[in-house]
Amino acid sequence: MKNNAIPTVSLNNGGQIPALGYGVAGLNKGDILNRAIEITLEEGYRMFDNAPFYGNEAEVGAALRSSGVKREELFISTKLPNDCHAYDDALRAFHKSRTAMGLDYLDMYLIHHPMPLRGKFCEAWKALEKLYEEGLVRTIGISNFKERHIEQILATCKVKPMVNELECNPYFTIAPLRKYCDEHEIRVVTWFPLGGPVVPPPPIPPRPPGFKILTEDGTLKDIGAKYGKTPAQVALRWAVDSGMIPIPKSGKPGRIKENALIFDFCLTAEELGRIEALDQDRRLGPDPDIYDDDAAVAMDV
Ligand SMILES: NC(=O)c1ccc[n+]([C@@H]2O[C@H](COP(=O)([O-])OP(=O)(O)OC[C@H]3O[C@@H](n4cnc5c(N)ncnc54)[C@H](OP(=O)(O)O)[C@@H]3O)[C@@H](O)[C@H]2O)c1
């Protein structure tokens, strides 16, 4: 095993989390999934982002368990489904995921979406606190939570969320929400860190004509040329240098490797500023405030 030694960063509970993860959404065919997990581990990835919705918890769990990498080196995360925010449902959902993955404990468990129109995410948080206190999960957090949702959690929680997993990339920088999370010591993990799938699977509508592909961006190319890095590597490094944890997905061995090779350079403050200025407020996933539609659940792929 090569092990590029991806560093870790700290969380507000004193725990550590890898500074780069791997998203497993869309990896559903046995051979492709197994090969991707094998390559990611060879390239030094240790954090794996999953969700019951991705339909591959059992396969990912099995691939990680048989990988030969020690359990304590891995950081395995999954999420609470949107229809399980009631306290008992949340506990049941956690145990279902843990059992499917064949694990004694999870490294991270997140509330997948706040679903504010259903008004139950604080109840779900109580369940995550119980699981955390019992030692069944080492890190608890939220995903797709905006400031107003986080405020409600902070007003009643015993344990503060350690992580908020958000759609974020140089075309969707969500600077105020990131600042809010920083102020509350909630570490931001970024999904769609490379701008999301170029050819989205149905039912996500096809990209409109003229859609700008983030990994072809001229500014990212220009900055990357100085370091011998690709635009994708610069986008991921921007996340890391901004204190966030990107979880890119690729099914292609060359890209899995490329995406991990971002810890031998640093962006300057001026370069980080140029990247922030690329923001187009381009949200591709559902807006968490209004998201309460079963069809929209399928957008999380
Ligand atoms: N919490 C949430 O609500 C939520 C929502 C959505 C996603 N997620 C998580 O975020 C992860 C990442 O999302 P994503 O894969 O949709 O978006 P992404 O990481 O932004 O990747 C988008 C596309 O970029 C391609 N790509 C990867 N590396 C590349 C490179 N070096 N150069 C050029 N293109 C590259 C990939 O295609 P190829 O496979 O063809 O290389 C992939 O389809 C998911 O797997 C999932 O774990 C979480």
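**Figure 1. In this predicted model, E7, H5 and E8 make a right-handed β-α-β unit.** Follow the chain from strand E7 (residues 137-143) through helix H5 (residues 147-156) and on to E8. The two strands of this unit, E7 and E8, run parallel and are joined by 3 bridges. Looking for a pair to zoom in on? Glycine 141 has valine 163 in E8 as its bridge partner, and isoleucine 142 stands opposite asparagine 164 in E8.

**Figure 2. Next comes another right-handed β-α-β unit, made by E8, H6 and E9.** Here the helix is H6, residues 175-183, and the strand after it is E9, residues 187-191. E8 and E9 pair in the parallel sense, over 5 bridges. Asparagine 164 turns up again in this view, standing opposite valine 188 in E9.

**Figure 3. Strand E8 (residues 163-167) in close-up: mostly covered.** How many of its residues are buried? The count is 5 of 5. In a regular strand, side chains alternate between the two faces of the sheet. For E8, one side carries Val163, Glu165 and Glu167, while the other carries Asn164 and Leu166. Both faces are covered, and all of these residues are buried.

**Figure 4. The wider sheet around E8 is an open one with 8 strands.** Reading across, the order is E3-E4-E5-E6-E7-E8-E9-E10, with parallel pairing. Which strands sit at the edges? They are strand E3 (21-23) and strand E10 (245-246), each pairing on one side only. E8 has E7 and E9 on either side of it in that order.

**Figure 5. Lysine 146, in the loop between E7 and H5.** Is this residue buried, exposed or partly exposed? Lysine 146 counts as partly exposed because it has 18 C-beta neighbours inside 10 Å, and the buried label needs 20 or more. Setting aside neighbours within four places in sequence, lysine 146 is in contact with Leu177, Pro288 and Asp289. Proline 114 is worth including in the frame too: it is 32 residues from lysine 146 in sequence, yet the C-alpha to C-alpha distance is 8.6 Å.

**Figure 6. Two residues with positive phi, neither of them a glycine.** Methionine 115 has a phi of about 45° and is found in the loop between strand E6 (106-111) and helix H4 (121-133). With 20 other C-beta atoms within 10 Å, methionine 115 is buried; 20 is already enough for that label. Glutamate 185 has a phi near 55° and lies in the loop between H6 and E9. Its count is 13 other C-beta atoms within 10 Å, so glutamate 185 is partly exposed; 12 or fewer would have made it exposed.

**Figure 7. The ligand and the shell of 29 residues that surround it.** Which residues are closest? They are Gly23, Leu194, Ala232, Lys249 and Ser250. Helix H9 (residues 253-260) supplies the largest share of the shell, 3 residues. Sorted by class, the shell has 11 nonpolar, 11 polar and 7 charged residues.

Methods. Residues numbered from 1 in each chain as written. Predicted model: local features only at pLDDT ≥ 70, side-chain atom pairs only at ≥ 80, totals over all residues. Helix = DSSP H or I, 4+ residues; strand = E, 2+ residues; numbered from the N terminus. Pairing = 2+ DSSP bridges. Right-handed = clockwise from strand over helix to strand, strands pointing away. Near = placed C-beta within 6 Å. Nonpolar A, V, L, I, M, F, W, Y, C, P; charged D, E, K, R; others polar. Contact = placed C-beta atoms within 7 Å.
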